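Hi everyone, thanks for coming. Let's take a look at a structure together, and please have it open in front of you.

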Amino acid sequence: MKKVLTIAGSDASGGAGIQADIKTIAVHKMYAMSVITALTAQNTTGVFKIWKVPPEFVAEQMDAVFTDIVPDSVKIGMVPDGKTAAVIAEKIKQYHVKKIVIDPVLVSTSGCRLLRKEDTDVFVRSLFPLGTVITPNIPEAEALSGIRIRREEDMAYAAEKIAVRLNVKGAVLIKGGHLEKEEASDLLYENGKLRWYRSRRVDNPNAHGTGCTLSSAIACGLAGGKVSADAVRRAKEYLTGALNAGLNLGKGQGPLDHTYCINQPF
């Protein structure tokens, strides 16, 4: 059995973060492990409180995992500060991890920065050069590239700038869900080449945890031996299915149905 480690924050309502990651990994018939970076009091209507796990304990969690059940891939999600990012990077290098998906949780859906600029700088400088696939959404790609993204051409320019400027040796996947188009177009920039993934936008307002789910599914693909382009394609198919399932829970932006395909061969 392939093993996938998620390093991220906990979502008390189960729609995003560690909980979404574990559901996604389990549905892919892989063994899920977790290192928790923060506890959040949140639900479908918002985030009410965040408690940061001390960086030293994040390191101890990683030691416990890597000295026993060694992951085949790692997904990194919410990192609450620069010190924690630096500790994670140090452990990633110590244990020679090769397959890493980084979901840079830097900007909220409403456009608010979740990390201070100095913490973001440490996060990017320490972790991005280690990533196999980096998965920013449009607001995050704008923050990372300094480019205002309104068209697909802007996505391509921003992806190249992120890769070159931030020393990304792997691939950059810019998720185009924030563009107001009928298609949901994502762009993978890898080794100077562009690959588009296009699908019809799913009419479902319940999209809490889509970024976490997609990045975890990509990590599953990498753990299973797929190259980045194929891992992204299959992850996007899985996410589209989870959205199409039409789960409707909670009073706000509800979660996905991660288990829609649990009885299907994956």
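I'll start with the aromatic pairs and then move to a patch on the surface.

One thing to keep in mind as we go: this is a predicted model.

So, how many aromatic pairs does the structure hold? There are three, and I'll walk you through two of them, Phe 66 with Tyr 95 and Phe 123 with Phe 128. In general, we describe such a pair by how far apart the ring centres are and by the angle of the planes.

Take Phe 66 and Tyr 95. Their ring centres are 4.9 Å apart and the planes sit at 10 degrees, so this pair counts as stacked. What I like here is that the pair links distant parts of the chain. Phe 66 belongs to helix α2, while Tyr 95 lies in the loop between α3 (82-94) and β5 (100-102), and 29 residues separate them. Are the two partners buried or exposed? Phe 66 has a relative accessible area of 7%, so it is buried. Tyr 95 comes in at 21%, so it counts as partly exposed, as buried means under 20%.

Next, Phe 123 and Phe 128. This pair is edge-to-face, with 5.9 Å from centre to centre and 70 degrees between the planes. Phe 123 is buried at 1% relative accessible area, and Phe 128 is buried too, at 0%.

Now out to the surface. Which residues form the nonpolar patch there? They are Met 1, Tyr 31 and Ile 69, together giving about 330 Å² of accessible area. You'll find Ile 69 in the loop between α2 (55-66) and β4 (73-76). With a relative accessible area of 31%, Ile 69 is partly exposed.

Thanks for listening!

Definitions and conventions: Residues are numbered from 1 along each chain as its sequence is written. This is a predicted model: local features need pLDDT of at least 70, side-chain atom pairs count only at pLDDT 80 or more; totals for chains, interfaces and linings use all residues. Side-chain values use heavy atoms; hydrogens and water are left out. Patches are made of residues with over 30% relative accessible area and no salt bridge: like charges are joined within 9 Å, nonpolar side chains (Val, Leu, Ile, Met, Phe, Trp, Tyr) within 5 Å. Accessible areas come from the Shrake-Rupley method with a 1.4 Å probe; for residues, only the protein chains shown count as cover. A salt bridge is a side-chain nitrogen of Lys or Arg within 4 Å of a carboxyl oxygen of Asp or Glu. Helices (H or I, at least four residues) and strands (E, at least two) are DSSP runs, numbered from the N terminus. Buried means under 20% relative accessible area, exposed over 50%, partly exposed in between (1.4 Å probe, protein chains only). Rings of Phe, Tyr and Trp (its six-membered ring) pair if their centres lie within 6.5 Å; planes under 30 degrees apart count as stacked, over 60 as edge-to-face and the rest as tilted.
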